[in-house]
Amino acid sequence: MITISELAARLSKAVADRTAIGTLSDEFPELDIPTAYQVQRALRGAAGPLAGWKLGVTSRAKQKQVNISEPIYGFLPAAGALDLGEPLDTGAQIQPRCEPEIVFTLGRDLAGPHVTAADVVAASSGVTVGIEVLDSRYADYRFTMADVVADNTSAARYVVGAPVSPEGIDLRLVGVVLERNGKVVATASGAASLGHPAAAVAWLVRALAAEGEGLRAGEIVLSGGLTAAVPVGPGDVVVASIDRLGSLELACR
Amino acid sequence: MPVTDAAARARALYDARRTRTPIPPFTDDDPTLGMADGYAVQRELVDLLLADGDRIVGYKVGLTSEPMQKMIGVDSPDHGPVLASTVYRDGDEIPLSRFIAPKVEAEIVFVLGERLAGPGVTVTQARAALAGAVAGMEIVDSRIADWRIKLADTVADLASNGAVATSSRIVPVADLDTRLVGMTLTRNGELVDTGAGAAALGDPVAVVAWLANVLGENGVALEPGHLIMTGALHAAVPMTPGDVFRAEFDRLGAVTVRVGA
């Protein structure tokens with residue numbers, strides 16, 4: 001019987017080797033989502049300081065496609081942050097893809113099984129635009145839900161803009177534009193994440209509550225990709241713009 | 001018997017509209033038909049419809065996104081007139097029986113404030129000529145069987161326009177970044193899709209400039225009060241009787257239609 005830490009070690013090795021691996025579920029079909037979260041927790045324990053959290057599969061259409069009824073979550077190591085203007089070294093990744101996100105900054109701790117979107121907005125000191133760089137450790141992003149949960153929901157790097165006050169902003173309707181090399185590749189509005197990005201964060205808080213955990217003041221939450229993720233390689237420039245929240249430009253080397 | 005000239009093709013489309021019976025694509029019989037052929041048919045068809053007492057109250061622009069252009073194999077949008085008989089208001093019921101194979105698209109719609117005549121119209125000039133924007137929905141429909149359209153077919157068929165519905169509050173756009181106006185489309189209260197203005201040619205105001213310049217080549221101008229449908233911000237959605245569609249736009253408000261039998 002393989003252990004949780006052995007499964008986590010395979011994923012860590014894929015990151016270190018910058019080489020995709022076969023899925024865990026292929027070898028261990030009994031891998032279920034609760035076990036996968038244990039693998040993810042093992043990775044979190046070894047990841048150093050935590051900057052916050054991220055959500056995945058927050059699009060209802062995508063949920064239907066993969067036959068699940070709720071999102072999934074992962075953690076953001078502080079070491080994964082790219083600073084504003086810092087290029088992405090694609091050579092350090094396996095198969096990077098970028099997606100635009102609405103990012104929340106917690107102004108105070110938030111935990112509990114009954115937290116709603118309104119609580120999330122009230123507890124947030126700021127919201128801003130972010131670009132998440134995904135990098136599945138599985139070849140060609142082919143995986144089961146348990147696989148991707150174990151793989152920390154494909155989290156790799158992220159860049160976050162300067163937060164603005166969420167007051168008076170209807171995050172459901174803010175327009176979202178993703179450009180690569182000057183061309184519009186996708187558009188959306190905030191509603192693309194679970195109907196409202198704060199509802200996605202509220203789901204996260206409730207999911208964490210079941211594990212006796214919560215969000216802490218100062219943590220950030222990437223509230224879910226608002227468009228399909230676009231593959232990037234050396235020389236690509238990705239721009240994410242979100243109405244009222246600002247724009248971010250990410251250069252890839 | 002295959003129809004071979006613009007007038008006959010226009011008549012075939014006119015009959016298809018009247019009888020709600022789709023016709024085979026013209027490009028089946030003549031694959032060489034191109035954009036100019038399509039517009040020649042469109043002009044003849046519009047003449048027939050105007051002779052029945054209809055009026056042109058604006059224009060729709062289609063193929064404004066790269067995926068749609070790739071699908072049809074072109075690198076520019078196309079356009080067709082919006083006819084007075086096809087305009088619905090917010091809250092209206094739209095009877096499915098008017099159409100053949102209708103689908104809904106949420107679009108930013110501009111209302112012209114001043115006459116705009118190309119060629120040479122810039123995006124800045126286009127913006128200055130707008131009275132403002134309203135929330136819009138286009139019902140696209142194809143009189144060509146099974147939407148099996150090539151460029152000449154859809155252009156001839158009024159750019160596959162079926163009907164339009166708009167809100168009535170005109171919101172000024174001088175200070176608005178129209179690229180970033182967000183949109184949600186719901187069906188019976190469930191989110192179907194989202195988008196933002198930039199999905200239409202990078203900026204919906206650029207669509208107006210493009211249209212003014214293309215029409216200007218034929219001496220046609222956009223007139224005050226004209227509605228400009230700037231193109232879908234998402235993939236078109238099929239309609240079923242009883243559906244309630246609501247397209248909401250940041251800053252512009254919402255437009256709701258019920259689908260009737």
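**Figure 1. S193(A) sits in the loop between strand 7 (183-189) and helix 7 of chain A.** The model shown here is predicted. S193(A) has a relative accessible area of 0%. The cut-off for a buried residue is under 20%, so S193(A) counts as buried. Leaving out residues up to four places away in sequence, S193(A) touches T58(A), A200(A), S223(A), G224(A) and L226(A).

**Figure 2. L204(A) and L215(A) touch the most other members of the largest nonpolar core.** This core holds 67 residues. Helix 7 (residues 197-209) of chain A gives the largest share of the core, 9 residues. In soluble globular proteins, nonpolar side chains tend to be buried together.

**Figure 3. The surroundings of L215(A) include W53(A), L106(A) and D109(A).** Neighbours within four places in sequence are set aside here. The other contacts of L215(A) are L110(A), V201(A), L204(A), V205(A), L208(A) and V221(A). L204(A) thus appears in two roles: it is a contact of L215(A), and with L215(A) it touches the most other members of the 67-residue core.

**Figure 4. A second, separate core has 51 residues.** Among its members are L130(B) and W210(B). A247(B) and V259(B) also belong to this core.

**Figure 5. Chain B meets chain A through 20 residues on each side.** The two chains bury about 1,400 Å² between them. Carbon and sulfur atoms account for 51% of that area. L180(B), T194(B) and D250(B) supply 33% of the area that chain B buries against chain A. No other three residues supply more.

**Figure 6. K64(A) and E190(B) form a salt bridge across the two chains.** Their closest N and O atoms are 4.0 Å apart. In total, 6 salt bridges are counted between chain B and chain A. The count of residue pairs in polar contact between these chains is 9, with both residues at pLDDT 80 or more.

**Figure 7. Strand 9 of chain B gives the most residues to the side of chain B that touches chain A.** Its contribution is 5 residues. Strand 8 (182-187), strand 9 (190-196) and strand 12 (244-249) of chain B are the elements that each give two or more residues to this side. By class, this side of chain B has 9 nonpolar, 5 polar and 6 charged residues.

Methods: Residues are numbered from 1 along each chain as its sequence is written. Chains are lettered from A and ligands numbered from 1 in the order in which they are written. This is a predicted model: local features need pLDDT of at least 70, side-chain atom pairs count only at pLDDT 80 or more; totals for chains, interfaces and linings use all residues. Side-chain values use heavy atoms; hydrogens and water are left out. Contact means heavy atoms within 4.5 Å. Buried area is the accessible area (1.4 Å probe) that two parts lose on being put together, summed over both. A salt bridge is a side-chain nitrogen of Lys or Arg within 4 Å of a carboxyl oxygen of Asp or Glu. A polar contact is a pair of N or O atoms within 3.5 Å; within protein, one must be able to donate a hydrogen and the other to accept it, and residues adjacent in sequence count only if both atoms are side-chain atoms. Helices (H or I, at least four residues) and strands (E, at least two) are DSSP runs, numbered from the N terminus. Ala, Val, Leu, Ile, Met, Phe, Trp, Tyr, Cys and Pro count as nonpolar, Asp, Glu, Lys and Arg as charged, and the others, Gly among them, as polar. A nonpolar core is a set of buried Ala, Val, Leu, Ile, Met, Phe, Trp, Tyr and Cys residues joined through side-chain atoms within 4.5 Å. Buried means under 20% relative accessible area, exposed over 50%, partly exposed in between (1.4 Å probe, protein chains only).
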